[in-house]
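Me: I have a structure to go through with you. Let's take it in short questions and answers.

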Amino acid sequence: MKTMLLSVIAGLLVATSAFAQSDAPRGDAGSGKQLFATKGCYSCHGFVGQGSREGPRLTPPMAYAAFVAQLRTPRLIMPPYVEAVVSDSQAADIYTYLANVPKPPDPKTIDLLK
């Protein structure tokens, strides 16, 4: 029962992520990668949004509206990135970069881990 519930939740998260990405404005992933570094996002969220002790995982990204809401009026210790600091266009670029970060390989497919 517990395994089935976890499978359903995982499926909903994947479906929600795919829907959220289709609802986001188109941005430039290359520019987003550069902005992710120059705006300092990597210092808390890791170079590819994998998360760290200081900031949560950002890949795959949450719904675009939630991403912008967190960016503009963050919870906890993250500083606010108001539009004067990160424009709407730049936010879309960063989101597109995060949406295009390749997923890590399944550990079962890595020979050294077998």
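Me: Is isoleucine 94 buried or exposed, and what is its relative accessible area?
Reply: This is a predicted model, where local features need pLDDT of at least 70, side-chain atom pairs count only at pLDDT 80 or more, and totals for chains, interfaces and linings use all residues. Residues are numbered from 1 along each chain as its sequence is written, and side-chain values use heavy atoms, with hydrogens and water left out. Buried means under 20% relative accessible area, exposed over 50%, and partly exposed in between, with a 1.4 Å probe and protein chains only. Isoleucine 94 is therefore buried, at 3%.

Me: Which residues does isoleucine 94 touch, not counting residues up to four places away in sequence?
Reply: Contact means heavy atoms within 4.5 Å. Glycine 32 is 62 residues away along the chain, yet its C-alpha atom and that of isoleucine 94 are separated by 3.8 Å. The residues touched by isoleucine 94 are Gly32, Leu35, Phe36, Phe67 and Val86.

Me: How many helices and strands does the protein chain have?
Reply: Helices (H or I, at least four residues) and strands (E, at least two) are DSSP runs, numbered from the N terminus. From that end, the elements run α-α-α-α-α. The count is 5 helices and 0 strands.

Me: Which helix gives the largest share of the largest nonpolar core?
Reply: A nonpolar core is a set of buried Ala, Val, Leu, Ile, Met, Phe, Trp, Tyr and Cys residues joined through side-chain atoms within 4.5 Å. The largest one has 18 residues, and Phe36, Tyr64, Phe67, Val86, Ile94 and Leu98 have the most contacts inside it. Helices H2 (29–38), H4 (64–72) and H5 (88–99) each give two or more residues. The largest share, 6 residues, comes from H5.

Me: How far apart are the end C-alpha atoms of H5?
Reply: The expected span of a helix is 1.5 Å times one less than its number of residues. H5 has 12 residues, so it should span 16 Å. The model agrees, with its end C-alpha atoms apart by 16 Å.

Me: Is threonine 59 buried or exposed?
Reply: Threonine 59 sits in the loop between helix H3 (42–45) and H4. Leaving aside neighbours within four places in sequence, its contacts are Val48, Gly49, Gln50, Leu98 and Val101. Its relative accessible area is 10%, so threonine 59 is buried.

Me: Is phenylalanine 47 buried or exposed?
Reply: Phenylalanine 47 also has its place in the loop between H3 and H4. Its relative accessibility is 59%, so phenylalanine 47 counts as exposed.

Me: Which parts does the salt bridge of arginine 72 with aspartate 88 tie together?
Reply: A salt bridge is a side-chain nitrogen of Lys or Arg within 4 Å of a carboxyl oxygen of Asp or Glu. For arginine 72 and aspartate 88, the closest N and O atoms are 2.7 Å apart. Arginine 72 lies in one helix and aspartate 88 in another, so the pair ties together parts 16 residues apart in sequence: H4 and H5.

Me: How many salt bridges are there by this rule?
Reply: Arginine 53 pairs with glutamate 54, with the closest N and O atoms 3.4 Å apart. Aspartate 111 and lysine 114 meet at 3.6 Å, N to O. Arginine 72 pairs with aspartate 88. The count comes to 3.
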